[in-house]
Amino acid sequence: MNFGIYYSDTAREELLNMSEKRIAQLSKRIDCLRNGKWQNGTRVKKLRSINHKRTIYEAREDNARRMLFTIVKNRQVAKQAALLIFHFEVDHDRVIRTAKTLMQDDYDKHQYDQEEEQICSLEEFTEETKPIWGNEAEHFHTYLNQLKSYELDDDTLLRLMRSKELNENEFFEMKISLSSEQRNFARAPLPFLLSGTAGSGKTTIVIHKLLEMDPTSTKLYVTYTKDLCKVAKQMFQRLVKGMDDEHKYLNHTHFKTFDELMRERQKDKAQDVVTRERFMSDHKKLARKKNIEKDFPALMMWEELRGVWKGGLYGKNYILTEKEYLNLTDDQAPNFVGNRKKAYEQFLCYQTMLSQSHKIDEQDLLQEAIEFNNTSYNYIFCDEVQDLSMLHLKFLYELAGKKATNLFLTGDDQQILHHSGFRWPTVKDLFTYQFKHKPPRLEHLTMNYRSVGAITDLARAINKLEKNYTKKKIKAKPPQSLHYGEKPYYFSNISEVEMMETVHDFGPHQAIIVRSDDMKKKLRSIFQKRYAHPPLIFTIFEIKGLEFERILIWDFFQKDAEETIFWENTIRQIHDGNEEKIRSNKEILRTLSWETNLLYVAVTRGSHYCYIFDPDHTAAFWNFKPIHEQMQEHKNLAVLQETEAHTAEATEKDWFQEGKRLFKKKLYIQGYDCFNRLKNTKEIEVYKHACLGYAAKENEKYEDALAHFKQINMHDEVISCLDILEQFMTAYNYIQKTVIRSISDPDEKQAWILKSYLYRVKEFDKKENWNGSGIYCNKLGRHYEAAIRFERSADSVYAKDAYERAIQSCDPKNTKHLKKIKEKYHKLFMQ
């Protein structure tokens with residue numbers, strides 16, 4: 001029998017650092033293990049554990065080094081075993097202590113030793129121990145069977161030896177061993193819809209699905225965020241490094257963000273695009289001026305614009321008419337129920353502004369991309385679809401050659417914390433009515449690799465509340481867990497001062513969660529004044545997608561708050577047997593769905609411990625029997641102090657690593673709080689200024705952000721802030737006087753010069769000086785855009801010249817655009 005071999009993250013690091021000679025030696029030893037040859041120098045021994053259900057083995061490398069491994073289920077061949085290697089190299093005198101850590105045992109050297117070396121064959125031994133490694137009820141071996149690991153085969157070792165010849169800018173990655181659930185989804189036919197929580201392996205499955213496809217087929221991986229796209233691309237490139245079909249995979253697999261795809265297809269590439277940040281900033285100023293901020297908040301207006309008015313789903317055309325909008329159901333457009341007519345009037349004012357100032361917004365850009373002469377891909381893989389509007393999905397359908405069978409969509413509907421926008425049922429409707437295809441079944445990744453079972457039990461109870469009373473039918477199932485762990489702790493009638501004294505020294509792997517940004521600012525300020533450094537504090541919106549070892553949910557239901565009164569009334573109705581009143585009231589159902597989503601996200605952020613704190617009162621929600629049964633209540637903080645005593649003290653390295661992680665996640669205030677604990681170096685100062693700059697930018701304090709970005713020469717961000725402020729001439733001068741003078745590379749310098757010309761175009765457009773902007777469009781080589789502007793200024797001579805240049809420079813493959821330019825030229829100048 002030839003056994004599969006997997007190895008852990010730690011073993012992977014050891015493998016990557018080995019010399020080519022050492023890998024060749026290891027290859028022979030691995031071959032012995034794979035083929036069941038446990039003697040002849042390998043000398044495999046079983047280590048005796050206090051818990052005899054947990055088995056681990058050492059194999060002799062040489063006099064000083066040992067390999068540590070165990071037996072697990074084979075993930076590819078049913079009912080067969082495989083070997084999981086924890087370490088390829090462990091010093092002989094550290095074997096027992098290392099094994100203790102791996103097996104999660106209490107260490108006692110008098111009870112923990114080596115048995116005699118095995119004399120039976122591997123086949124015989126795996127059969128004898130099958131009741132242990134094959135037992136799904138045994139938590140430790142279930143954990144091992146689901147542990148993130150990599151596949152080790154001859155091809156991997158060969159590629160690894162080749163990788164030693166790579167230069168420092170090239171990287172190699174091993175193939176992750178998928179769980180049986182993940183493997184089934186990676187091999188499923190398209191179209192495919194996949195829902196899973198953060199950390200369940202969605203992106204990993206997509207990357208492995210790309211490897212399953214014909215390397216010569218054209219494939220597009222697309223997502224909304226630049227960071228995720230970069231990570232996925234690197235993961236793929238490293239996985240194919242050294243493969244026989246490496247160049248075929250790389251030449252036919254493309255990684256793009258939606259912004260990149262849309263900008264490539266923009267008709268007028270010099271035209272100013274209103275981003276979410278610009279819209280929010282402009283609308284708030286306008287709303288304050290008109291005194292309509294309360295009725296039409298900026299965020300809700302943006303959601304309505306993106307998901308409804310220009311959502312491309314409910315109307316005959318791209319933009320909804322007023323009649324179509326007024327006829328929508330409350331579920332289709334929940335934001336302005338009862339006030340839609342006035343909301344639509346505000347939308348029309350916005351559209352007029354766009355037209356008069358020759359601007360478009362992101363949804364217009366998306367519609368232009370749909371209408372573009374698109375080259376289709378054989379397969380489209382979209383990650384994190386919950387960030388998208390339905391118009392984005394229609395664009396993907398176009399890119400897939402209008403073939404729904406070419407689509408693979410994955411997302412996480414547990415982390416949708418807004419009222420309108422993405423819903424899986426709407427995606428299914430899109431397949432039925434727009435794509436004319438039977439909607440695929442929505443599959444769910446059920447395994448949670450982080451939170452303990454007791455926490456997921458509480459999450460399941462929260463989900464059940466929504467399921468029992470709302471009509472929501474499709475939602476990602478609460479994940480299973482590999483460990484049960486401690487029930488969440490509920491602390492009530494304890495003062496805030498006592499709790500602060502207990503948790504002020506929370507480390508980088510612990511977090512406090514609050515409901516609102518105001519509460520976060522208040523609590524952070526108090527901690528800062530009393531203890532110099534605050535612990536990490538997040539709102540629910542900020543912490544979604546993150547996990548911490550311990551989380552403390554702080555005063556979610558403050559006395560007399562709207563949500564507190566809502567749950568008091570709702571739970572009273574349930575106790576009085578008036579459940580039908582709840583089910584028949586749309587406003588109650590909407591709030592209930594919103595609240596349970598928030599609470600679900602909050603409780604599942606803790607991997608090991610979840611603490612819930614109500615100062616000076618007991619909230620009705622946490623006291624509701626189905627919820628309360630999933631918690632353990634305490635009236636003092638001794639138990640929290642006990643669990644904290646077992647936490648290792650954080651080092652500067654821990655805070656630095658967490659600061660970098662939070663910075664990458666765009667959690668800048670929390671990242672700053674990590675860096676601010678460290679000794680000031682040049683690197684730390686850069687991180688701190690960057691954190692404060694991005695935080696100011698998020699809070700629309702663009703002048704403050706500019707000051708921080710200028711301090712550390714973050715030129716792109718300086719320009720971004722000036723763009724949002726519409727200080728286009730300042731941006732031009734900054735590029736000319738500061739950026740270009742600091743650059744020596746001629747190509748980079750030329751790119752910035754062209755960018756400065758773009759800001760002259762924007763400045764002239766803003767002033768409606770169409771001749772000026774047309775001249776700079778010509779300097780940019782954007783002759784079609786120049787022609788449009790010369791037309792606006794009624795300068796027929798310059799317009800004719802620009803159209804002729806546009807025809808000459810247009811890509812002949814872009815037939816639709818070329819035809820459009822020629823038609824306009826003939827209409828204007830040949831009649």
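# Exercises on a predicted model

In helix 22 of this predicted model, the residues M519, K520, L523, R524 and F527 are buried.

**Exercise 1.** Determine how the buried residues of helix 22 are arranged about its axis, and state which elements they pack against.

*Solution.*
1. Begin with the extent of the helix. Helix 22 covers residues 517-531, and its 15 residues reach 21 Å from the first C-alpha to the last, close to the 21 Å expected at 1.5 Å a residue.
2. Look down the axis. The buried residues of helix 22 fall within an arc of 125°, so they line one face of the helix.
3. Turn to the other side, where D518, K522 and K529 are exposed. Here, exposed means over 50% relative accessible area, and buried means under 20%.
4. Identify the neighbours. The buried residues pack against helix 21 (496-503), helix 23 (540-543) and helix 31 (668-675), and also against strand 20 (510-514), strand 21 (537-539) and strand 22 (548-554).
5. Examine the end of the helix. Just after helix 22, A532 has a positive phi of about 75°.

**Exercise 2.** Carry out the corresponding analysis for helix 33 (residues 702-711).

*Solution.*
1. List the buried residues: Y702, A705, L706 and F709.
2. Consider their directions from the axis. They lie within an arc of 105°, so they line one face of helix 33.
3. Name the packing partners, which are helix 13 (276-290), helix 32 (682-698) and helix 34 (715-724).
4. Note the residue N713, just after helix 33, with a positive phi of about 55°.

**Exercise 3.** Describe the largest nonpolar core and explain why it lies between two domains.

*Solution.*
1. Recall a general tendency: in soluble globular proteins, nonpolar side chains tend to be buried together.
2. State the size. The largest nonpolar core has 100 residues, and F538, F548, I553, W567, F621, W622 and I627 have the most contacts inside it.
3. Find the main contributor. Helix 26 (residues 586-603) gives the largest share of this core, 8 residues.
4. Compare with the domain bounds. Because domain 4 (462-639) and domain 5 (651-717) both supply residues, the core lies between them.
5. Inspect one member. Leaving aside residues up to four places away in sequence, W567 touches L465, F557, L592, E595, T596, L599 and F621.
6. Record that another core, of 37 residues, lies apart from this one; L366, Y397, F431 and L442 are among its residues.

**Exercise 4.** Which strands pair with strand 19 (residues 489-494), and in which sense?

*Solution.*
1. Assess the burial of strand 19: 5 of its 6 residues are buried.
2. Take strand 23 (residues 606-615). Strand 19 pairs with it in the parallel sense over 5 bridges, and I494 stands opposite P615.
3. Take strand 24 (residues 632-634). This strand also runs parallel to strand 19, joined by 3 bridges, and F491 stands opposite H634.

Conventions: Residues are numbered from 1 along each chain as its sequence is written. This is a predicted model: local features need pLDDT of at least 70, side-chain atom pairs count only at pLDDT 80 or more; totals for chains, interfaces and linings use all residues. Side-chain values use heavy atoms; hydrogens and water are left out. Buried means under 20% relative accessible area, exposed over 50%, partly exposed in between (1.4 Å probe, protein chains only). Helices (H or I, at least four residues) and strands (E, at least two) are DSSP runs, numbered from the N terminus. The arc is that of the directions from the helix axis to the C-beta atoms. Contact means heavy atoms within 4.5 Å. A nonpolar core is a set of buried Ala, Val, Leu, Ile, Met, Phe, Trp, Tyr and Cys residues joined through side-chain atoms within 4.5 Å. Domain bounds come from an automatic or database domain assignment. Two strands pair if DSSP finds at least two bridges between them. The expected span of a helix is 1.5 Å times one less than its number of residues.
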